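Please walk through the fold below with the coordinates open beside the text. The account begins with a pair of helices and then moves outward to their surroundings.

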Amino acid sequence: MRIATGLIVAVSLCASGTAWSQTPPSKPATTTQGAAPQAPPAATPATAAAAAQPPQPARAQCTNPNALGVARTVEIDTTGGPGFGFEHFKELDFLRDHEVVLTFDDGPWPENTPSVLKTLAEECTTGIFFSIGKHATYYPEILKQVYAAGHTIGSHTWSHATLTNKKLTEDQRKEEIEKGISAVKWALGGVSEAPFFRFPALQHPPEMVTYLGTRNIAMFSCDLDSFDFKARNAKQVIDVTMKKLNKLGKGIILMHDFHKHTAEALPELLHTLKAGGYKVVAMKAKAPVQSLPEFDEQIIKDAKLPTVSQRPVSSVVTDVTQ
Ligand SMILES: [Zn+2]
């Protein structure tokens, strides 16, 4: 369904601040300058976007009888770019009382993302990971672990640029979105992620909301922000989150697997959710995102990466004569 831009609230109540440190581990950051994106295709049903790719691995069998678990899984038809999270999008109220969706932004990142994965596995539960494109290219192996564990992966732009920044042209904004999508796909070894997108700092330029609608990509704001990026310690992450959640009674929770305090807070936070009678809802996409080939190519070129193929030599090179 199409979301009218009139539904977008201009002032964010759960904006997540400025761009994070994105220092690459070993190579300079590339810029977002480059070829201007071409006009997107007209909106088509998301199911038509279903690429022939193998199904995602399922979450591991749960062996913890006291785990938080997953209460139900919902499948999202992203046709027309629906919006979720009542801070900005107020049409789709699908969560029942005491249901939550866990979301994690800005990864993948060493130590913190694997720690979050470990905690989610121990509690047999799941979340959506909105990965920054650059971070995905730094740590593809970590993002592959997120995917292999059965969690949903979406994207969060290429470089975490605030897309309402007036210095950016419309083409540069589209490029931030598209390159982020292609980078996540590259990091997953060519497997397309969900057509789920979160705007950095929850700043929603209306023309990009419309653009994502034409691309059949769902947008995620939040119902409550943990403000974990401001927290001085793990306890503060838990206190802020639970205070807001107990007031609302349900919601999409915004956290960051990028942050140490969040990773540290998660075991106790999940215990507290369970004790409070909260249940986790998993959100899956009906079909994967369709990246644009020009940006897939740009990612490979920019990163000077030789190939996305991970096929063994024997499947590529075969003796036909001895
Ligand atoms: Zn972010």
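In this predicted model, helix α1, which spans residues 112–122, packs against helix α3, residues 140–148, at an angle of about 15° and with the two axes 10 Å apart. Since angles under 35 degrees count as roughly parallel, α1 and α3 are therefore roughly parallel to each other. The handedness of the α1 and α3 crossing is left-handed. On the α1 side the contact is made by T113, P114 and L117, and on the α3 side by I142, Q145 and V146; sorted by character, the residues of this contact comprise four nonpolar and two polar ones, with no charged residue.

Helix α1 also has a contact with helix α7, residues 260–275, where the axes come within 8 Å and cross at roughly 5°. It follows from this angle that α1 and α7 are therefore roughly parallel to each other. Here α1 contributes N112, S115, V116 and T119, while α7 contributes K260, A263, L266, P267 and L270, and the residues of the contact divide into five nonpolar, three polar and one charged.

The loop that runs between strand β3 (99–105) and α1 contains P108, and a cis peptide bond, with omega of about -5°, joins G107 to P108. P108 is one of the residues touched by A136, which also touches S131, L143, A183, V184 and A187 when residues up to four places away in sequence are left out. A136 itself sits in helix α2, residues 133–138, and counts as buried because it has 30 C-beta neighbours inside 10 Å, where 20 or more are needed. A136 and D106 are 30 residues apart in sequence, yet their C-alpha atoms are 9.3 Å apart in space.

Two of these partners of A136, L143 and V184, reappear when the interior is considered as a whole. The largest nonpolar core has 75 residues, and those with the most contacts inside it are V100, L143, V184, F197, A218 and I253. Of these, A218 touches I76, T78, G81, P82, F84, P195, F196 and F197, again not counting residues up to four places away in sequence.

From A218 one can turn to the elements around helix α5, which covers residues 206–214 and whose buried residues are M208, V209, Y211, L212 and G213. These buried residues are covered by elements including α4 (170–187), β6 (196–197) and β7 (218–220). Just after α5, N216 takes a positive phi of about 60°. In the loop between β6 and α5 lies A201, which has a positive phi of about 60° although it is not a glycine; because A201 has 19 C-beta neighbours inside 10 Å, it counts as partly exposed.

Another residue with a positive phi is T157, for which the value is near 75° and which is likewise not a glycine. T157 is placed in the loop between β5 (152–155) and α4, and with 28 other C-beta atoms within 10 Å it is buried.

Finally, the setting for these details is a protein with nine helices and 10 strands, in which buried residues make up 47% of the 322 residues. Among contacts between residues at least 6 apart in sequence, 87% join residues at least 24 apart.

Key
Residues numbered from 1 in each chain as written. Predicted model: local features only at pLDDT ≥ 70, side-chain atom pairs only at ≥ 80, totals over all residues. Core = buried A, V, L, I, M, F, W, Y, C linked by C-beta atoms within 7 Å. Buried ≥ 20, exposed ≤ 12 C-beta atoms within 10 Å, placed from the backbone. Contact = placed C-beta atoms within 7 Å. Axes fitted to C-alpha atoms, helices over the stretch in contact; angles between N-to-C directions. Helix = DSSP H or I, 4+ residues; strand = E, 2+ residues; numbered from the N terminus. Parallel < 35°, antiparallel > 145°, perpendicular 65-115°, else oblique. Left-handed = near helix turned anticlockwise from the far one by under 90°. Nonpolar A, V, L, I, M, F, W, Y, C, P; charged D, E, K, R; others polar.
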